[in-house]
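I open this notebook to record what I looked up in the model, entry by entry. Burial, strand pairing, packing and charged pairs are the topics.

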Amino acid sequence: MYRRSTGKIIEVSEDLMYVKIKIPLSIKNKNYVGSIFGGSLFSATDPIYMIQLMHILGDHYIVWDKDATIKYKRPAKENVYAEFSFSSEEIETIKAQVAKKGELNLIKTAHIVNKERVVFAEVIKTIYVADKPFYKKKRSLKTNQK
């Protein structure tokens, strides 16, 4: 599915704390006015943060994309890139907040840029993270209320 977004993962750290993608301008994603179709920009960036967190946090957590917004700044008529990163401190904060509250909504922002770091779009993601037992209990309460 990701291949159809036209995005290409070009760099991944061994611990998955950093991912860089390239969205090349091509016949597959060029729109009527010659720039990269907005849907291609969005779909190429959409799954990255969630997948990173799923692998970084491991099986004791539930991770879902909850909300996403893309703000287009200028037409992308060239190859563009986006970077996605987490710091060790950020991961420890996520774990601590989930341990305390059972769940949290994390907001992360990525910028789609060219090689000169000119911003073409801003992607704002809300990612839901929960402790597995907390999530299962919450889901069962919702199911029983129906």
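**Entry 1. Lysine 108 and its partner.** I began with lysine 108, which is buried, its relative accessible area being 9%. The model is predicted. I took the value as buried because the cut-off for that class is under 20% relative accessible area. Which side chain does lysine 108 meet in a salt bridge? I found glutamate 90, with an N to O distance of 3.0 Å. Glutamate 90 belongs to helix 3 and lysine 108 to strand 5, so the pair ties together parts 18 residues apart in sequence. Glutamate 90 itself is partly exposed, at a relative accessible area of 21%.

**Entry 2. The other salt bridges.** I searched the whole structure and noted five salt bridges. One of them joins the side chains of arginine 117 and glutamate 83, at 3.1 Å from N to O. This pair links distant parts of the chain, 34 residues apart: arginine 117 is in the loop between strand 5 and strand 6, and glutamate 83 is in strand 4. Arginine 117 counts as exposed at 52% relative accessibility, whereas glutamate 83 counts as partly exposed at 29%.

I then looked up lysine 138, which forms a salt bridge with glutamate 103; their closest N and O atoms are 2.7 Å apart. Here too distant parts of the chain are linked, with lysine 138 in helix 4 and glutamate 103 in strand 5, 35 residues apart. Both count as partly exposed, lysine 138 at 28% relative accessibility and glutamate 103 at 22%. I also recorded a network of salt bridges that links Asp46, Asp65 and Lys125.

**Entry 3. The sheet.** In what order do the six strands of the open sheet stand? I read the order as 1-2-4-5-6-3, with antiparallel pairing. Strand 1 and strand 3 (61-72) are at the edges with a single partner strand each, so one side of each has no neighbour in the sheet. On average, neighbouring strands of this sheet are turned by 20° against each other, direction ignored.

Next I examined what packs on the sheet. Helix 3 (residues 88-101) does so, touching strand 3, strand 4, strand 5 (103-113) and strand 6 (119-131), and its direction makes about 155° with that of strand 5. Helix 4 (residues 132-145) lies across strand 3, strand 5 and strand 6, and runs at about 85° to strand 6.

**Entry 4. Strand 2 and its two neighbours.** I followed strand 2 on both sides. With strand 1 (residues 8-12), strand 2 pairs in the antiparallel sense over four bridges. Two bridge partners in strand 2 went into my notes: isoleucine 21 for isoleucine 9, and valine 19 for valine 12. The two strands form a hairpin with five residues between them, and leucine 16 in the turn has a positive phi of about 65°. With strand 4 (residues 80-85), strand 2 pairs antiparallel over six bridges. On that side, valine 19 has phenylalanine 84 as its bridge partner.

Which side chains of strand 2 are buried? I found an alternation along residues 18-23: Val19, Ile21 and Ile23 point to one face and are buried, while Tyr18, Lys20 and Lys22 point to the other and are not.

**Entry 5. Isoleucine 21 and the core.** I listed the contacts of isoleucine 21, leaving out residues up to four places away in sequence; among them are Tyr2, Ile9, Ala44, Ile48, Val80 and Phe84. The largest nonpolar core has 34 residues, and Ile21, Leu53, Ile94 and Val129 touch the most other members. At least two residues each come from strand 2, helix 1 (38-45), helix 2, strand 3, strand 4, helix 3, strand 5 and strand 6. Helix 2 gives the most to this core, with six residues.

**Entry 6. Helix 2.** I closed with helix 2 (residues 48-57), which is mostly covered, seven of its 10 residues being buried. I noted these as Ile48, Tyr49, Met50, Gln52, Leu53, Ile56 and Leu57. Glycine 58, just after helix 2, takes a positive phi of about 90°.

Notes
Residues numbered from 1 in each chain as written. Predicted model: local features only at pLDDT ≥ 70, side-chain atom pairs only at ≥ 80, totals over all residues. Heavy atoms only, no water. Buried < 20%, exposed > 50% of the residue type's maximum accessible area, 1.4 Å probe, protein only. Pairing = 2+ DSSP bridges. Axes fitted to C-alpha atoms, helices over the stretch in contact; angles between N-to-C directions. Contact = heavy atoms within 4.5 Å. Salt bridge = Lys/Arg side-chain N within 4 Å of Asp/Glu carboxyl O. Core = buried A, V, L, I, M, F, W, Y, C linked by side-chain atoms within 4.5 Å.
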